[in-house]
Amino acid sequence: MTTKFLQTITLLGASVTAGLMAGLFAAFAYAVMPGLGRTDDLTFISAMQRINVAILNGWFMICFLGALALTITTLLLHLGSARSALPWIIAALVFYIAMLVITAAINVPLNDQLAAAGEHIANPGAVREQFESRWVTWNIVRAVVSTAAFAALAYALVVHGQATATDTEASALAAPAPQQHPAGHAALAPQQYPAEQAARPSWMYPADQVGNGENRSLPAVTDGR
């Protein structure tokens with residue numbers, strides 16, 4: 001596989017996985033948390049506890065860590081060549097790392113506190129108050145930065161595609177053109193016509209001799225006497 005192909009595959013994979021993560025956090029911001037916000041305290045706490053357990057599965061980890069790994073990989077592949085997309089890949093990596101920091105420093109500790117409260121809570125209102133507002137606010141922030149990472153990768157993919165197309169056109173223009181006859185026709189293969197002409201008797205085609213600029217007289221015709 002060529003470097004250009006690996007650059008395209010890793011950049012596409014990073015874009016897809018980063019987009020899936022941005023969509024997940026955005027869905028929590030505009031659908032899941034507003035819906036749970038309309039429930040009572042015990043329902044809210046119980047639902048979030050179960051969501052936080054269920055989300056730790058293979059598909060989530062593939063997207064969550066895969067986006068980071070693929071972004072770093074495509075960044076390394078673009079260091080040697082195709083640097084037009086490099087600034088956007090770097091920006092995407094910065095945004096995605098910011099999302100990871102927010103998740104690890106704020107959202108995960110809040111999830112752990114909620115899990116530690118258990119199922120039988122004496123004062124569910126206080127537990128919810130300590131969790132909900134801060135978790136929702138920082139989830140919106142990480143939804144924004146992860147969306148910015150996805151947008152940067154998507155634009156890097158566009159720039160990479162344009163650069164690839166330009167390189168292909170330049171290679172096609174640099175290829176040697178086939179040799180043309182002065183009259184606009186393709187030149188005959190070397191010695192094709194002269195060899196063919198030499199293989200036939202000169203007296204059979206006097207017109208060719210005239211056309212070649214040769215001034216030879218036709219053989220004399222006798223009457224047999």
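Which residue forms a salt bridge with R128, the closest N and O atoms being 2.9 Å apart? I looked this up in what is a predicted model, and the partner at that distance is E132.

**Entry 1: the salt bridges**

I noted that E132 and R128 are four residues apart in helix α5, so about one helical turn separates them. I then searched the whole structure for pairs of this kind and found two salt bridges. The other one joins D41 to R128, and here the closest N and O atoms are 3.0 Å apart. Because D41 belongs to helix α2 and R128 to helix α5, this pair ties together parts that lie 87 residues apart in sequence. I therefore recorded D41, R128 and E132 as linked in a network of salt bridges. As a reminder to myself, side chains of opposite charge can pair when their charged atoms come close.

I also checked how far two of these residues are open to the surroundings. D41 has a relative accessible area of 29% and is partly exposed, while R128, at 8% relative accessibility, counts as buried, since the cut-off for that class is under 20%.

**Entry 2: S146**

I next turned to S146, which I located in helix α5. Is S146 buried or exposed? I found a relative accessible area of 0% for S146, and so I entered this residue as buried.

For its side chain I looked up the polar partners, and I found a polar atom of the S146 side chain 2.7 Å from the backbone oxygen of R142. The side chain of S146 also reaches the backbone oxygen of A143, at 3.1 Å. When I left aside the neighbours within four places in sequence, the residues in contact with S146 were A18, M21, A22, F25 and M99.

**Entry 3: the largest pocket**

Finally I looked at the largest pocket, in which about 460 Å³ of space lies. I counted 23 residues lining this pocket, and those closest to its centre are N52, I55, L56, V108 and N111. The elements that give two or more residues to the lining are α1 (3–36), α2 (41–54), α3 (58–79), α4 (86–116) and α5 (124–174).

Which element gives the most to the lining of the largest pocket? I found that α4 does, with six residues. Sorting the lining by class, I obtained 13 nonpolar residues, six polar residues and four charged residues.

Key. Residues numbered from 1 in each chain as written. Predicted model: local features only at pLDDT ≥ 70, side-chain atom pairs only at ≥ 80, totals over all residues. Heavy atoms only, no water. 1 Å grid on protein atoms, 1.4 Å probe; cavity = no way out; pocket = protein on both sides within 12 Å on 5 of 7 lines; lining within 4 Å. Points joined across faces, edges and corners; volume = space filled by probe spheres on them. Nonpolar A, V, L, I, M, F, W, Y, C, P; charged D, E, K, R; others polar. Salt bridge = Lys/Arg side-chain N within 4 Å of Asp/Glu carboxyl O. Buried < 20%, exposed > 50% of the residue type's maximum accessible area, 1.4 Å probe, protein only. Polar contact = N/O pair within 3.5 Å; in protein donor to acceptor, adjacent residues only side chain to side chain. Contact = heavy atoms within 4.5 Å.
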